[in-house]
Amino acid sequence: PAPTPPVAAAAPTKDDLNKRIASIIASNPVMLFMKGNPDAPRCGFSSKVVAALKETEIPFGHFDILSDDAVRQGVKEYANWPTFPQLYAGNELLGGCDIILEMHESGELKPAIQEMISA
């Protein structure tokens, strides 16, 4: 008999994708959705946010959005935030590159993150 063709995996539903994104965010008190990784950022904006975070000395997790197109597209809708990087603290969106850099320059970034992760 002819081999049966492989069954294509169904695309994740929006609900499944949102659960996965929530799980990624919850996997670390501070989570950065970025292009690349902290040791090798793949865009200037991600690089600037990584540098600001490293200066705060607050540990953070990361997710390379270039490695998973479903997550990349889904996170934009999840947070209603169209650009990357996106920084989450205490399961809430703190902001993107401009907001993070402004907060860092004004000295607000570290205390804001600390407050969000201790809430």
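Contact, in this tour, means that heavy atoms lie within 4.5 Å of each other. The structure is a predicted model, in which local features need pLDDT of at least 70 and side-chain atom pairs count only at pLDDT 80 or more, while totals for chains, interfaces and linings use all residues. Residues are numbered from 1 along each chain as its sequence is written, and side-chain values use heavy atoms, with hydrogens and water left out.

**Stop 1: Gly36**

Select Gly36, which is found in strand E2 (residues 36–37). Strands (E, at least two residues) and helices (H or I, at least four) are DSSP runs, numbered from the N terminus. Leaving aside residues up to four places away in sequence, Gly36 touches Pro41, Arg42, His62, Asp64 and Leu66. Now add Leu66 to the selection: Gly36 and Leu66 are 30 residues apart in sequence, yet their C-alpha atoms are 6.8 Å apart in space. Gly36 counts as buried, at 2% relative accessibility. Buried means under 20% relative accessible area, exposed means over 50%, and partly exposed is in between (1.4 Å probe, protein chains only).

**Stop 2: Ser46**

Move next to Ser46, in helix H2 (residues 44–56). With a relative accessible area of 0%, Ser46 is buried. Display its contacts, again without residues up to four places away in sequence: they are Met34, Lys35, Pro41 and Pro85.

**Stop 3: Pro85 and the cis peptide bond**

Follow the last of these contacts to Pro85, in the loop between H3 and E5. The peptide bond that joins Phe84 and Pro85 is cis, with omega about 5 degrees.

**Stop 4: helices H1 and H3**

Two packed helices are described by the angle between their axes and the distance between the axes. Select H1 (residues 14–26) and H3 (residues 69–79): their axes come within 10 Å and cross at roughly 85 degrees. Axes are lines fitted to C-alpha atoms, for helices over the stretch in contact, and angles run from 0 to 180 degrees between N-to-C directions. H1 is therefore roughly perpendicular to H3, a term that covers angles of 65 to 115 degrees. On the H1 side, the residues that meet H3 include Leu17, Ile21 and Ile25; on the H3 side, those that meet H1 include Val71, Val75 and Tyr78. The residues of this contact divide into nine nonpolar, two polar and three charged. Here Ala, Val, Leu, Ile, Met, Phe, Trp, Tyr, Cys and Pro count as nonpolar, Asp, Glu, Lys and Arg as charged, and the others, Gly among them, as polar.

**Stop 5: helix H4**

Select H4 (residues 97–106) and colour its buried residues, which are Cys97, Ile100 and Met103. Look down the axis of H4: these buried residues fall within an arc of 140 degrees, so they line one face of the helix. The arc is that of the directions from the helix axis to the C-beta atoms. What covers the buried residues includes H2, strand E5 (86–89), strand E6 (92–95) and helix H5 (109–118). On the other side of H4, Asp98, Glu102 and Glu105 are exposed. After H4 comes Gly107, with a positive phi near 85 degrees.

**Stop 6: Glu57 and Asn91**

Glu57 is not a glycine, although its phi is positive, about 65 degrees. Glu57 lies in the loop between H2 and strand E4 (61–64) and is exposed, with a relative accessible area of 68%. Finally, select Asn91, in the loop between E5 and E6. Asn91 has a positive phi of about 70 degrees although it is not a glycine, and it is partly exposed, with a relative accessible area of 47%.

Notes: Angles under 35 degrees count as roughly parallel, over 145 as roughly antiparallel, 65 to 115 as roughly perpendicular and the rest as oblique.
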